[in-house]
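Visitor: I'd like a close look at just one part of this protein, please. Could you pick a single residue and take me through what surrounds it?

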Amino acid sequence: MSYLAKTQAATSATGAIALADGTVFLGHGAGAAGVRTGELCFNTAITGYQEILTDPSYASQIVLFTFPHIGNVGTNDEDHEESSEPGSHAARGAIFREPITAPSNWRSTNTFDSWLKKRGIAGLFGVDTRAITRLIREKGMQKAAICHQPDGNIDLDALIEAARAWEGLETADLAADVDTGADFENSESLWLPETGYGHLDKPAFHVVVVDFGVKKNILRNLANVGIRATVVNGDASFEDIAALKPDGIVFSNGPGDPAATIKRSGDMIRAVIDSGLPILGICLGHQLLALALGAKTMKMAQGHHGANHPVKDLSTGKVEIVSMNHGFTVDPATLPTGVEESHRSLFDGTNSGLAVKDRPIISVQHHPEASPGPQDSFYLFQRFADLMTQHRAGK
Ligand SMILES: NC(=O)CC[C@H](N)C(=O)O
């Protein structure tokens, strides 16, 4: 460690981020005190920090926000908390440039700082977020340890050691840790400024959502196109699912390495594919579907995390701006015959969706439910409902 790092740590710093390669950034701590390890990524969204940090797909990750002002609209209990459980169910750490200002929003009920504490998320501000982003851009996402040490007594060597000792995301079936456990139903629909969350009274369809860490806004978007959902966890067998007599199946988003989760859920997913039921896969669900169909997934260098990513729907030629959060990707060269690439990222050409020829099976790598982010991809939920309509009509 450098002399400068040591003296700064001894004087004013109350927080730090250390990388496994020994790089250290000192700053000021916020939120929960203590040390958290995980994969460090950057997110380019400029709104929606509450939704981002509660997304279960961020389990075992530390999110650096490239947008400098995070926390200034405070937090509220109603807004899109994508998972209800605090702790390891979502992001472990948050890094931002500027100090948190007093909340300025009519809906705010809590400061960002005390919300971070409540969720068990360690925060760090006052570091050069652009330098860290450039480092990730050049070297890829990093094994890291973040700490908030209110008394300033930071042990940087121990922090670097913690970053090195962290086991990493590859081969980790993290979805098993974040699913909701007990089955539940959803009929809640999307939030509107005038009326708050809505309710689906007369469902046209009933689907089973296999929960690998499902974001609540997926369930609400389904309700908005007439779909009631029963949520079951990723350990469910095909027989459990079939007994619920669904019109279709959704494989949800979730954290960790799809190649690890497929070992636990592969038999069920393959049986669902063979059943002929309409299927929608989202993010981890898309990757699991691809694996079950015979394709391969791989780790990305930087991944995609933001709410401003252009994606092309190859069936219509339309470009949509989407919400993204993934660090693994489907290798389109490995898609078997009959499985077509349906969407592609216009940032780097990576795969962003698939469709099975002449079968009611679609999936996307991005987040059609937004939360946060643009709503350009809401149409996918209707596309899924249309597949169920056709399936019912025997087409
Ligand atoms: N949002 C997700 O479902 C993420 C999928 C997977 N864990 C990845 O990082 O690629």
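Visitor: Let's take C283: where does it lie in the chain?

Guide: Sure! First, a bit of housekeeping. Residues are numbered from 1 along each chain as its sequence is written. What you see is a predicted model: local features need pLDDT of at least 70, side-chain atom pairs count only at pLDDT 80 or more, and totals for chains, interfaces and linings use all residues.

Now your residue. C283 sits in the loop between β14 (279-282) and α10. (Helices, H or I with at least four residues, and strands, E with at least two, are DSSP runs numbered from the N terminus.) C283 counts as buried because 31 other C-beta atoms lie within 10 Å. Here buried means 20 or more such neighbours within 10 Å, exposed means 12 or fewer, and partly exposed is in between, with C-beta atoms placed from the backbone.

Who does C283 touch? Skipping residues up to four places away in sequence, C283 is in contact with S57, N253, H326, Q365 and H367. (Contact means C-beta atoms, placed from the backbone, within 7 Å.)

Look at the ligand next. C283 is among the residues around it, along with S57, N253, G254, P255, G256, L284, N325, H326, G327 and F328. To be near the ligand, a residue needs its C-beta atom, placed from the backbone, within 6 Å of it. Strand β16 (residues 319-331) gives this shell its largest share, 4 residues. Sorted by class, the shell has 4 nonpolar, 7 polar and no charged residues. (Ala, Val, Leu, Ile, Met, Phe, Trp, Tyr, Cys and Pro count as nonpolar; Asp, Glu, Lys and Arg as charged; the others, Gly among them, as polar.)

C283 also turns up in a record: an unreviewed UniProt entry lists C283, H367 and E369 as "active site". Such annotations may be inferred rather than shown by experiment. These three span 87 residues in sequence, yet no two of their C-alpha atoms are more than 11.0 Å apart, so they gather at one spot.

Another of the three, E369, is in the loop between β19 (361-364) and α11 (379-392). E369 is buried too, because it has 28 C-beta neighbours inside 10 Å. Apart from residues up to four places away, E369 touches K215, N217, I218 and N221.

Let's go back to α10, which borders the loop of C283. Helix α10 (residues 284-293) supplies 7 residues, the largest share, to the largest nonpolar core. That core has 104 residues, and A16, A18, V63, L159 and I249 touch the most other members. (A nonpolar core is a set of buried Ala, Val, Leu, Ile, Met, Phe, Trp, Tyr and Cys residues joined through C-beta atoms within 7 Å.) Domain 1 (3-165) and domain 2 (175-392) each give the core at least three residues; these bounds come from an automatic or database assignment.

Take A18 as one of the core's well-connected members. Leaving out neighbours within four places in sequence, A18 is in contact with V24, A144, A145, L156, L159, I160 and A163.

Finally, zoom out to the two domains. Their centres, taken over C-alpha atoms, are 28 Å apart. Where they meet, domain 1 puts in 25 residues and domain 2 puts in 24. On the domain 1 side, β3 (34-43), α2 (49-53) and α4 (129-139) each supply at least two residues, with β3 giving the largest share, 4 residues.

Definitions and conventions
Contact = placed C-beta atoms within 7 Å.
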